[in-house]
Amino acid sequence: MQTEIQNSEKVIFEEKQMNIDKYIEEMKRIQEGIINYLDYETNIEERYQNIQDMFDDFRILENRYKLKSLLYLLLKISNNHYRDHDFFSKIERLFIFFKDEMKQYFSNSELFHIFKSNKRILLFLFEEKIMLMDEHIIKKIIQPRNSKYVQNDYLEYFTPEIKPFLNYNFTNSFCFSYGNAGKLKRVLQDHFYENRKIGENEGFLYEIIRNDSIEDFIIYVNKNMYPLNSFIEHSIYETNSFLLKREHTTLIEYAVFFGSTQIFNYLRKNGVELTSSLCEYVIHGRSAEIINLLEENHIKLPLNRNKTDYFEYLLKESIKCHHIEVSNYILNNYLQNSTSLNTLTHGLKYYNFYFIQNNADVETLFFNLCKYDYYLPLVDILKEMDIDLNKTI
């Protein structure tokens, strides 16, 4: 009898897997369409239309939870994927397509919860009146326990949106510190509105590096006697999540992060040390030439990591970035024999559907679906499977 029950549950789960597999396949196709749209400069209108067609075919905009998965997918890509010069204008065009559905399905606080990690997207949502700055959001930003917002310059970045709330009663009731209130009263920097929409460090030298303008770079560093091993200066306009988490980034790391091959080569040929940290930055810059140069120079791994652990970490970074070609390169060249490899959790966390295989045991799958807000697959599992919701994993 026990065997019959187990077999019955197995059949039910396999049926549920089919529904989950359909969801994963649909989202994977949308992910592929979005990446192709962002990465290529040819046939842009055709690529954009293909995405719209998929939205219609999969009825994404008719379902709050399908749309929510799409919003998370766009967030993860915006946070981590390589940015071309028109990256945000393309992202914004996608949001415009379903702006009415966003306002229909989600409250102001829900949208902030989804997009709180990306101040550049929040800015766009405020400008399009998809979201409104309100007291709830300001309270979230200034609370001491959420100091990451202060550290990442949300107060300065959103000064025009927060200033209308700045009065004696409000600042006292919401526990504004003297320093934070002072930040909002400062005169806005020159080109403030332009710079925050660009979302990158505004320094002229850093713009040169991002554009890989080698001649301008050589002129600048020679004219100003600029040390080649210098660190990037802090900027309130920076929105790259990886760079925001780094306390210090050197010029050569910055060049590698943006795939600026010519400037990277100039720096290394002029004595700048090639450190293991460059392996992390090159995942984001995804320059095949720089990857090969780092390999040829036999960059030493960090002392506290073994080879397999470190390359599994780099694989996670590539999954986070939705740089599929880099992920496959690491898998094929460095992790062929890894026995501890598990891409499911990383795929779910970063909404990278290329690395979500529905072959985990049901409890592990259920746990991760809960943790990373996958409502539709969860409903499919809960309808039929007996899950112990109090079990700790």
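In which helix is Asn265 found? Asn265 is found in helix H19, which spans residues 261-269. This report describes a predicted model, beginning with the chain as a whole and then turning to its pockets and to selected residues.

**The chain as a whole**

The protein chain has 26 helices and 0 strands. It comprises 393 residues, of which 52% count as buried. Where contacts join residues at least 6 apart in sequence, 70% of them link residues at least 24 apart. The chain exposes a surface of about 20,100 Å², and carbon and sulfur atoms supply 48% of that area.

**The two largest pockets**

The largest pocket has a volume of about 780 Å³. Its lining consists of 28 residues, and those nearest its centre are Lys76, Asn79, Ser117, Lys148 and Lys245. Five helices are each represented in this lining by at least two residues: H3 (64-80), H6 (108-115), H9 (147-151), H17 (241-244) and H22 (307-321). Helix H3 gives the most, with 5 residues. By class, the lining of the largest pocket is made up of 9 nonpolar, 9 polar and 10 charged residues.

The second largest pocket has a volume of about 500 Å³. It is lined by 19 residues, with Asp84, His85, Ile198, Glu200 and Arg210 the closest to its centre. Helix H4 (87-97), helix H14 (192-198) and helix H15 (204-210) each contribute at least two residues to this lining. Its composition by class is 5 nonpolar, 6 polar and 8 charged residues.

**Two buried helical residues**

Lys119 is placed in helix H7, which covers residues 119-127. Although lysine carries a charged class label in the pocket counts, no such count is needed here: Lys119 counts as buried because its relative accessibility is 2%, and the cut-off for buried is under 20%. Leaving aside residues up to four places away in sequence, Lys119 touches Asn152, Asp153, Tyr154, Tyr157, Phe158, Ile236, Glu238 and Thr239. One of these partners, Asp153, lies 34 residues away along the chain, with 9.3 Å between the two C-alpha atoms. Towards another partner, Ile236, the side chain of Lys119 reaches the backbone oxygen at 3.0 Å.

Asn265, the residue of the opening question, is likewise assigned by its accessibility: at 13% it counts as buried, since the limit is under 20%. Within helix H19, the side chain of Asn265 makes a polar contact of 2.8 Å with the side chain of Arg268. Beyond residues up to four places away in sequence, Asn265 touches Glu289 and Leu293.

**Residues with greater accessibility**The residues in this section lie in loops or in helix H2, and their accessibility values are set out below.

| Residue | Location | Relative accessibility | Class |
|---|---|---|---|
| His191 | loop between helix H13 (178-185) and H14 | 56% | exposed |
| Asn43 | loop between helix H1 (2-39) and helix H2 (44-57) | 48% | partly exposed |
| Arg59 | loop between H2 and H3 | 51% | exposed |
| Asp57 | helix H2 | 58% | exposed |

What sign does the phi angle of Asn43 have? The phi of Asn43 is positive, near 50 degrees, in a residue other than glycine. Arg59 also is not a glycine, and its phi is positive at about 55 degrees. Asn43 is partly exposed because its relative accessible area of 48% falls between the limits of 20% and 50%. Arg59, at 51%, is exposed, since that class begins over 50%.

Two pairs of residues give C-alpha separations for this group. Asp57 and Glu26 are 31 residues apart along the chain, and their C-alpha atoms are separated by 9.5 Å. His191 and Glu202 are 11 residues apart in sequence, with a C-alpha to C-alpha distance of 9.4 Å.

Technical notes
Residues are numbered from 1 along each chain as its sequence is written. This is a predicted model: local features need pLDDT of at least 70, side-chain atom pairs count only at pLDDT 80 or more; totals for chains, interfaces and linings use all residues. Side-chain values use heavy atoms; hydrogens and water are left out. On a 1 Å grid over the protein atoms alone, a cavity is a set of points where a 1.4 Å probe fits but cannot get out, and a pocket is an open set with protein on both sides within 12 Å along at least five of seven lines; lining residues have an atom within 4 Å of a point. Grid points are joined across faces, edges and corners, and a volume is the space filled by probe spheres set on the points. Helices (H or I, at least four residues) and strands (E, at least two) are DSSP runs, numbered from the N terminus. Ala, Val, Leu, Ile, Met, Phe, Trp, Tyr, Cys and Pro count as nonpolar, Asp, Glu, Lys and Arg as charged, and the others, Gly among them, as polar. Buried means under 20% relative accessible area, exposed over 50%, partly exposed in between (1.4 Å probe, protein chains only). Contact means heavy atoms within 4.5 Å. Accessible areas come from the Shrake-Rupley method with a 1.4 Å probe; for residues, only the protein chains shown count as cover. A polar contact is a pair of N or O atoms within 3.5 Å; within protein, one must be able to donate a hydrogen and the other to accept it, and residues adjacent in sequence count only if both atoms are side-chain atoms.
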